[in-house]
Amino acid sequence: MFPRENHSNGYEQVGGMGHTHSHIHRERVRRGARRSRGSSSSHSLRVLEQSQPHHHRPPCTDFDLAYFHSYAHLGIHQEMIKDRVRTETYREAIMQHQSFIAGKVVVDVGCGTGILSIFCAQAGAKRVYAIDASDIALQANEVVKANNLSDVVVVLHGRVEDVEIDEEVDVIISEWMGYMLLYESMLGSVINARDRWLKPGGLILPSSATLYMAPVTHTDRYNDSVDFWRNVYGINMSAMVPLAKQCAFEEPSVETITGENVLTWPHVVKYIDSYSVTINELESVTTKFKFNSMMRAPLHGFAFWFDVEFNGNAIASTNYNSTTSFIDNHQMNGSQRKKRTNPNEALVLSTAPEDPPTHWQQTLIYFYDPIELEQDQLIEGLVTLSQSRENARFMNIHLEYTSGGRSHVKESVMR
């Protein structure tokens, strides 16, 4: 347990936190992985060789170790920090909620390089616990010292599930969102921090998140990946088409599309209230959808994106452990969203196709063969997103869809 009377920077290293490599996570880094998640000795570092927590602690698997190791790579953090939409929105959220932060105790879950922790310190936080299981925590500690904030920011190297803080906290901040919002399952660590440390009436940033989906058309992408093989320098290579479809569309694709690719208003797949969401409800998410195409076009698949809101006013009417959610009626699970009725009611970080691009881009599930749609044609079905039994940080995607009297099923895994 980190002693209350000594708040010099420190990190907690629990047995088993080593360096494990995985071809899956090397592939993730190659694809531009995002999400950070720390031993030289120094007078400003406190090493806690063992902790004896009095809470349920989930095991740290080899997949977890590989995940943490992947976030020791500086390039991932550089990509995230250079995402101005992401970083500046978080900084603005912190400054907008300065009255909640000044003089208060903050936890930064998955602090990475420590930039959000430093923003909170600049906003007047009394103390910030910056937690990260990746070795990037060592560099974060040096950044804190270089900015003369060692008396405010305490860097803890370890999993949120393992480290100990001996006081309740007023604020939890985290940039936990993965591709397709739920990929990587980092939200579970935020929930763990909330349930262990957050005071009643405390603030969580972001306060909510919403995952959307919509049918899309993307002829250029299909032509580039598939139709290219039908005539290659005058040679008929159509025999390559089945393999080309499998290689291009078997797995989810993280890429940038525009609003022109989207055929309908989006459907809410999952709304998450940071104050009441549970770990169990994230294990599997299912929603039924129904769309009517706004135009005549080939349907190539479905796109997924998300937004998060930073709304400190919400805690005035709900406690973090309340079963009552402050869901606006336009964000209910399973509904379609057009536009916010009041864009000024909360600060929003959006990854929607019509908004400025972010490093999250959008996640697309492509069909192997497009469906020709007429205007107003119905597309209906269901989608289930579930944590992989192989590795809870992976996401299984089960998609059933019907249009034009034909039914289809698409299964894929986001690794």
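**Close-up views of a predicted model**

**View 1. Tyr368 sits in strand E14.** Helices (H or I, at least four residues) and strands (E, at least two) are DSSP runs, numbered from the N terminus. This is a predicted model in which local features need pLDDT of at least 70 and side-chain atom pairs count only at pLDDT 80 or more, while totals for chains, interfaces and linings use all residues. Residues are numbered from 1 along each chain as its sequence is written, and side-chain values use heavy atoms, with hydrogens and water left out. Tyr368 counts as partly exposed, at 31% relative accessibility (buried is under 20% relative accessible area, exposed over 50%, partly exposed in between, with a 1.4 Å probe and protein chains only). Look for Glu250 here too: 118 residues separate Tyr368 and Glu250 along the chain, yet their C-alpha atoms are 8.0 Å apart.

**View 2. Here is the whole chain, before we zoom in again.** The chain has ten helices and 17 strands. It runs to 415 residues, and 56% of them count as buried. Its accessible surface is about 17900 Å², with 49% of that belonging to carbon and sulfur atoms (areas come from the Shrake-Rupley method with a 1.4 Å probe; for residues, only the protein chains shown count as cover).

**View 3. Strands E6 and E7 run parallel.** Strand E6 covers residues 169-174, strand E7 covers residues 198-205, and four bridges join them (two strands pair if DSSP finds at least two bridges between them). To pick out one bridge, start at Ile172, whose partner in E7 is Ile204. Add helix H8 (residues 187-197), and E6, H8 and E7 together make a right-handed β-α-β unit. Right-handed means that, with the strands pointing away from the viewer, the path from the first strand over the helix to the second runs clockwise.

**View 4. Helix H10 has a buried side.** H10 takes in residues 241-249, and its buried residues include Val241, Ala244, Lys245, Ala248 and Phe249. They cover an arc of only 100° around the axis, so they sit on the same side of H10 (the arc is that of the directions from the helix axis to the C-beta atoms). Why can residues that are spaced out along a helix share a side? An α-helix has 3.6 residues a turn, so residues three or four places apart point the same way. Now check the face of H10 turned away from the buried side: Pro242 and Cys247 are there, and they are exposed.

**View 5. Arg84 and Glu88 form a salt bridge within helix H4.** Their side chains meet at 2.6 Å, N to O (a salt bridge is a side-chain nitrogen of Lys or Arg within 4 Å of a carboxyl oxygen of Asp or Glu). H4 covers residues 84-96, and the two residues lie four apart, about one turn of the helix. Arg84 is exposed, with a relative accessible area of 58%, while Glu88 is partly exposed at 33%. The structure holds 16 salt bridges, and another view could show the network that links Arg57, Arg159 and Asp162.

**View 6. Arg221 and Glu255 meet in a salt bridge.** The distance from N to O is 3.0 Å. Arg221 belongs to helix H9 (residues 219-225) and Glu255 to strand E9, so the pair ties together parts that are 34 residues apart in sequence. Arg221 counts as buried, at 18% relative accessibility, and Glu255 counts as buried too, at 11%.

**View 7. Glu374 and Arg296 link two loops.** The closest N and O atoms of this salt bridge are 3.5 Å apart. Glu374 is in the loop between strands E14 (362-373) and E15 (378-387), and Arg296 is in the loop between strands E11 (284-292) and E12 (297-310), so the pair ties together parts that are 78 residues apart in sequence. Glu374 is partly exposed, at 41% relative accessibility, whereas Arg296 is exposed, at 66%.

**View 8. Trp265, Met294 and Met295 form a nonpolar surface patch.** Together they have about 260 Å² of accessible area. Patches are made of residues with over 30% relative accessible area and no salt bridge, with like charges joined within 9 Å and nonpolar side chains (Val, Leu, Ile, Met, Phe, Trp, Tyr) within 5 Å. Trp265 is in the loop between strand E9 (253-255) and strand E10 (267-273), and it is partly exposed, with a relative accessible area of 33%.
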